[in-house]
Amino acid sequence: MKQCFFAVDLGATSGRTILGTFTPEGLEMEDVNRFPNHLIETGGHFYWDIYELYRHIIEGLKIVAQKKDVEITSIGIDTWGVDFVCVGKDGGFLRQPYSYRDPHTAGAPEAFFKKVARKQVYEWTGIQVMNFNSLFQLDTLRRNNDSALAAADKLLFIPDALSYMLTGEMVTEYTIASTAQLVNANTRKPEDALLRELGLTESNFGRFVYPGEKIGTLTKEVQRMTGLGDIPVIAVAGHDTASAVASVPAMNPDFAYLSSGTWSLMGVETKGPVITEETESLNFTNEGGVDGTIRLLKNICGMWLLERCRAAWGQTSYPELIAEANASEPFRSLINPDDVLFANPADMEQAIQTFCSDSHQPVPQTRGQIVRCIFESLALRYRQVLDNLRTLSPHPIETLHVIGGGSRNELLNRWTANAVGISVVAGPSEATAIGNIMIQALAAGTAKDIASMRQLINRSISLETFYPEDTDVWDAAYLHFKQVTMNH
């Protein structure tokens, strides 16, 4: 009988459940089911369908229950951050949860900062200001006299709401709560002064837990529906990025990570929060990590630029586009990937051309020139953020680990190594699911600590290392990049 861990990994557009097993060769993973995660738009608002997500998790558990050679040791759930469910006194959900994409929080930070100074909020939480953070969602609901919030006895973040549906136990997991901008980065508990401004207390949240703690076991109802026994549900790093960073296959602590997908998140692990005027002005965020760590990181626009162009080009294959980019002239035109121009344009190709024209550079005309412009600009932007991280990080940075889907992009990885001037280690691409399974394995006693788990991943997953080349050429391009982006 194989000892398996059941990981639920939910993103903002799709979800899946995975079985993870440790063998003498390392970690083996198998998808159980995959499913879409659709936003519901009605009455001028965007909602998530929490019941549909639960139904897919139950389906996954049913499939596993029918496997003769599998025994589930535990279950863990990770999801995107900030969103939450209002729960009534009788334990029922009062409404489907709002999505962070809902426009009702436009201008919300400014409204809240009239009550509590922006600087004070950052000093407490260390979290970068984004209008969809739970702090601003809650303040908006309160100002709008929202009926669900008014009747709520408890607030549960998405992974905690799903674990409640499985176990009947209400918890608030630390890493997901840290995304809310409600947790004090130093005490690692909800900040009372912020809760008071929202008309809340700590009793409005579930029992506070940290990655690796047991939430509860499957309810009799779930056992009956799935055919499983009283399997424990473990609080993993409920925030998907925290789970992904847990799986960085680093051999020593002197590394930075780049979680690369639609968005890129670049950061370092630190023992405590780094909250200074510099981190505030550079908009760095201090999110909760595993094993008592803080993830000091920066959000960077990632493959969103290319995904939007590809959608307009009829989904041309990546290999074809990469070959065209490779054949194009180097450093012909550069953009700032984080410019507001690229946030959500109707035509991404046109937005890139506009930026180049406005900054007096040759305007890219061919697909190859556009893709080359995106990749070179991303690599140089990574260098810029890494330079900032070096000044903020309490430890040196010797290696950059690229994890997530973007770790499969060989050309971008090679150029990133050239731009940043240190070795880039690419993989694993399934970082979030691996991190989820790792925390469950630690809770089960299958593994002894994060460092040894990272070494196991390093041994059991094929990783590719890229070393810097042509550094003089890239140094010159970086100066040009800074000039172009500074003036725009």
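Which residue in β3 does Arg16 stand opposite? In this predicted model, the partner across from Arg16 is another arginine, Arg34 of β3. The two strands around this spot are β2, covering residues 14–23, and β3, covering residues 26–36. They run antiparallel to each other, and 10 bridges hold the pairing together on paper.

Zooming out, β2 and β3 belong to an open sheet built from 6 strands. Reading across, the order goes β3-β2-β1-β6-β14-β13, with mixed pairing. At the edges sit β3 and β13 (214–217); each has just a single partner strand, so one side of each lacks a neighbour in the sheet. Going from one strand to the next, the twist averages 25 degrees.

The sheet also has a helix packed on it: α17, residues 431–444. This helix touches β1 (2–10), β2, β3, β6 (70–78) and β14 (232–234). As for its heading, α17 makes an angle of about 135 degrees with the direction of β1.

Further along the chain comes a hairpin, made of β17 and β18 with 5 residues between them. Within the turn, Asp291 has a positive phi of about 60 degrees. The strands, β17 at residues 285–288 and β18 at residues 294–301, pair in the antiparallel sense over 4 bridges. Asn286, for instance, has Leu296 of β18 as its bridge partner.

And which faces of β17 are covered? Both are: Thr285 and Glu287 are buried on one side, while Asn286 and Gly288 are buried on the other.

Terms used:
Residues numbered from 1 in each chain as written. Predicted model: local features only at pLDDT ≥ 70, side-chain atom pairs only at ≥ 80, totals over all residues. Heavy atoms only, no water. Buried < 20%, exposed > 50% of the residue type's maximum accessible area, 1.4 Å probe, protein only. Pairing = 2+ DSSP bridges. Axes fitted to C-alpha atoms, helices over the stretch in contact; angles between N-to-C directions. Contact = heavy atoms within 4.5 Å.
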